Number of protein chains: 2
Amino acid sequence: MNESQPSSLPAGFLWSATKAGIKASGKPDLALALAPEGATAAAAFTSNQMVAAPIIIGRQHIAASDGRVTALLINAGNANCATGQHGLDACVTSCDTLAALANCRRENIFPSSTGIIGVPLPAEKITAALPTAFAALAGTEEAADSFRRAIMTTDTKPKSARATVIYKGRSASIFGVCKGAGMIGPQLGPPHATMLVYLFTDIAATPAQLREALGPAVEASFNSISIDGDTSTNDTVLLLASGASGLTLDSDTTDAFRSALNQVTQDLAHQIVDDGEGVTHVVTLHVTGAASVADARAIARTIANSPLCKTAWSSGDPNWGRIIAAAGRSGVVFDPALVSIHIGDQAVFEAGTRSPHFDEAAAHAVMLQREYTIRLDLHAGQAETRFLTCDLTHEYVSINADYSS
Amino acid sequence: MNESQPSSLPAGFLWSATKAGIKASGKPDLALALAPEGATAAAAFTSNQMVAAPIIIGRQHIAASDGRVTALLINAGNANCATGQHGLDACVTSCDTLAALANCRRENIFPSSTGIIGVPLPAEKITAALPTAFAALAGTEEAADSFRRAIMTTDTKPKSARATVIYKGRSASIFGVCKGAGMIGPQLGPPHATMLVYLFTDIAATPAQLREALGPAVEASFNSISIDGDTSTNDTVLLLASGASGLTLDSDTTDAFRSALNQVTQDLAHQIVDDGEGVTHVVTLHVTGAASVADARAIARTIANSPLCKTAWSSGDPNWGRIIAAAGRSGVVFDPALVSIHIGDQAVFEAGTRSPHFDEAAAHAVMLQREYTIRLDLHAGQAETRFLTCDLTHEYVSINADYSS
């Protein structure tokens, strides 16, 4: 896992995975997580108008249970989106089977799906595999690892991150797991995410406290990344708190918890872009001096999703003209004469034209690095944002154009 | 030229082109057009906040001259954008030189540039080449052909279209020329365009009449296409009327003129997409049953610029899930359960799920054609739009990632 200081897994959770036969590859594709004593929950879902069956059902369950979750039921290889009543029925049937095994109500099951859109979900494969998966549930590193691998689709690496919340000698853990490499341009709605993100913590917290903490954390992480800008129908972020650590989220521990949560969500968001489909360069867009954060974000998002910027980044081409051109079509009104652009430490654009300090070879050298920052200062205000994105390569086209009928 | 029934060139105009040494390829890169007796004009420019020097100067000239143009001065190979005061000076100097040759005022010269952003325009190369180009001006097919070739950049073909306006035995001609293959996502402002479009007609009309005719024609053509969605800093559409035909634009001839103008602008817009960078499939998005044209256009534009849709089209993959997912992130509120999608004559999506008539092989066969239509019916109203776009291929990435320092 991508964790510099491995800390323990949060108490109060068990994980497992198995092969239900949904992925064509035959790899593990069914993942479970169980909070035997239950967990409080806050969730954020995609803002796409077209949403998958598990999003519809998951929203209903979170509302009906007042934010109480006992188990997660996740399949990869099929998004169960645009599958009509059959898809809703398949989701409910799967939840019912797991609820019987977990001895809880249906609305305490939180379902997720990721994979191809529009293909009927074979619920019978899930219900048949559930007893085995349920029997394998464990709170071990191995079990957590199998969970994070089973939810992968075009991901090349499993993704997780951890942080510890410490207050007066007591501590709680946060363990975050996610998947996602394409159709990534999350725009999560306020109670906000085919990026799937699961955040497990053993701090004790109410659903309302978790919602308050999750909103800003999501805004600064998953809502600030883009691979291809194609916001998915299935994006989900779920934060679960078991309370098993003995540490409680209150006015004393809020700062430490939010800091640890941000550390985990930003680490996971970075891992998603870094493992994006065909990605060879990870670019942080740092827009500063904006009149508003909304302006800064609109400019960053337009540059992040510009095919001309993304293709130039793939070859390390310091073609700053494409950057200022993308900013100019963002819908934000600004004066180009006030704008400055740096690629890494290299000034490339200022006072409406090429910087007198422009050194093409030096800028190109910056862009040969796997990861670097492009800073655009509007000199129009105090607001700023950071947005993480990537290049567009032949490999992205190959992955997404691959078709055999 | 792409003209099924070649008609004569409009009277009152002369064209020429020469090599000024701006294009690295050494091909012709300086194009002139002259209306010896002057022409009335209407222009539309890019809505990008970052605009090139010739856009700034061209707007000033059209305003200062009350829509009177004597000559066009166009260079390819350098956009003269983000070039600061030097770029403005270079543009003015070039215009002054041509004004002296054409014996007109500077504001009767209309300048355009297309090519790389941010590189100083060598005005001395233009002023040196102008006398030769001016001496070569002619009203011949050969001269018109040299004009349309010299303005090309990554275009693989010259682009032009013609139509004839006939009223009671008298006639006028429209001859349109354009260039553009990348950075194409025009969003032209009301007096509205590195797509460059020049429309020449010999009907007699006031600048106000030309503006009234140009707006709707641009909206239904150049503002309804996208190759990569990257709205350029230099887009320009210019309509010039010499009056030399003897036919006058009035209440009797307006319908015939607008019809002919629309025929030319839509033909040119199609040629741009068809020759788009790396394009192997041209797709018409026909969004119907929308609550408003704005809704229909927002959905069409989002699908048109979706990397996942565009890559699927490159291989003829009937992955309609990506189409409804893109529509869902367009910002338009709609009920997916009411939406139907057809690829050509093949129903692929209805009632929130895969159409019972879905025939993957048949849909794939439609998509193997060079050109086809995808229709998305929202069943939410009476408004509709047609939007022309294309696939995203390895070749597009190669063209735009090509960099050698």
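A:Thr194 is buried in this predicted model, because its relative accessibility is 7%, under the 20% cut-off. The residue sits in the loop that runs between strand 6 (170-179) and strand 7 (196-201) of chain A. UniProt, in an unreviewed entry, lists A:Thr194 under "active site". Once neighbours within four places in sequence are set aside, A:Thr194 is in contact with A:Ser113, A:Thr114, A:Gly115, A:Lys179, A:Gly180, A:Met183, A:Ser232, A:Asn234 and A:Asp235.

The UniProt record, again unreviewed, also has a "binding site" feature, placed at A:Thr153, A:Lys179, A:Thr194, A:Glu277, A:Asn400 and A:Ser405. Take A:Thr153 from that list: this residue is in the loop between helix 4 (141-150) and strand 5 (159-167) of chain A. A:Thr153 counts as partly exposed, with 31% relative accessibility. Its contacts, leaving out neighbours within four places in sequence, are A:Ala76, A:Gly77, A:Thr114, A:Gly115 and A:Lys179. So what links the two threonines? A:Thr114, A:Gly115 and A:Lys179 turn up among the contacts of A:Thr153 and also among those of A:Thr194.

Now for A:Asn48, which brings in the other chain. You'll find A:Asn48 in the loop between strand 2 (30-45) and helix 1 (53-64) of chain A. Is A:Asn48 buried or exposed? A:Asn48 is buried, since its relative accessibility is 4%. Its side chain gets to within 2.8 Å of the backbone nitrogen of A:Met50. Beyond four places in sequence, A:Asn48 touches A:Thr231, A:Ser232 and A:Thr233 in its own chain, plus B:Ala325, B:Gly328 and B:Arg329 from chain B. A:Ser232 is also on the contact list of A:Thr194.

That takes us to the interface. Here 55 residues of chain A are in contact with 55 residues of chain B. Together the two chains bury about 4,400 Å², with 60% of that on carbon and sulfur atoms. How many salt bridges are there between chain A and chain B? The count is two. B:Arg329, already met as a contact of A:Asn48, pairs with A:Asp230 in a salt bridge, N to O at 2.6 Å. Polar contacts across the interface come to 23 residue pairs, both partners at pLDDT 80 or more. On the chain A side, the elements giving two or more residues to the surface that touches chain B are helix 8 (307-314), helix 9 (320-328), strand 12 (353-354), helix 10 (360-367) and helix 11 (394-401). By class, that side has 23 nonpolar, 24 polar and eight charged residues.

Over all chains, the salt bridge count is 23. Side chains of opposite charge can pair when their charged atoms come close. A few of the pairs within single chains are set out here.

| Salt bridge | Closest N to O | Relative accessible area of each residue |
|---|---|---|
| A:Arg149 and A:Asp145 | 3.0 Å | A:Arg149 42%, A:Asp145 21% |
| A:Lys159 and A:Asp155 | 2.7 Å | A:Lys159 2%, A:Asp155 7% |
| B:Arg370 and B:Asp274 | 2.9 Å | B:Arg370 38%, B:Asp274 18% |

Where do these pairs sit? A:Lys159 is buried, and A:Asp155 is buried too. For the chain B pair, B:Arg370 is in the loop between helix 10 (360-367) and strand 13 (371-377), while B:Asp274 belongs to helix 6 (residues 254-274), so this bridge ties together parts that are 96 residues apart in sequence. Salt bridges with shared partners also join A:Asp145, A:Arg148 and A:Arg149 into one network. A:Arg149 and A:Asp145 are both in helix 4 of chain A, four residues apart, or about one turn of the helix.

Two more arginines round this off. A:Arg162 is in strand 5 of chain A and is buried, at 9% relative accessible area. Its side chain makes a polar contact of 2.6 Å with the side chain of A:Glu141. B:Arg106, in the loop between helix 2 (84-102) and strand 4 (109-116) of chain B, is partly exposed at 35%. Not counting neighbours within four places in sequence, B:Arg106 is in contact with B:His61, B:Val92, B:Cys95, B:Asp96 and B:Ala99. B:Arg106 and B:Ala90 are 16 residues apart in sequence, and their C-alpha atoms are 13 Å apart in space.

Methods
Residues numbered from 1 in each chain as written. Chains lettered and ligands numbered in written order. Predicted model: local features only at pLDDT ≥ 70, side-chain atom pairs only at ≥ 80, totals over all residues. Heavy atoms only, no water. Buried < 20%, exposed > 50% of the residue type's maximum accessible area, 1.4 Å probe, protein only. Polar contact = N/O pair within 3.5 Å; in protein donor to acceptor, adjacent residues only side chain to side chain. Contact = heavy atoms within 4.5 Å. UniProt positions renumbered as here; feature names shortened; annotations may be inferred. Buried area = accessible area lost by both parts, 1.4 Å probe. Salt bridge = Lys/Arg side-chain N within 4 Å of Asp/Glu carboxyl O. Nonpolar A, V, L, I, M, F, W, Y, C, P; charged D, E, K, R; others polar.
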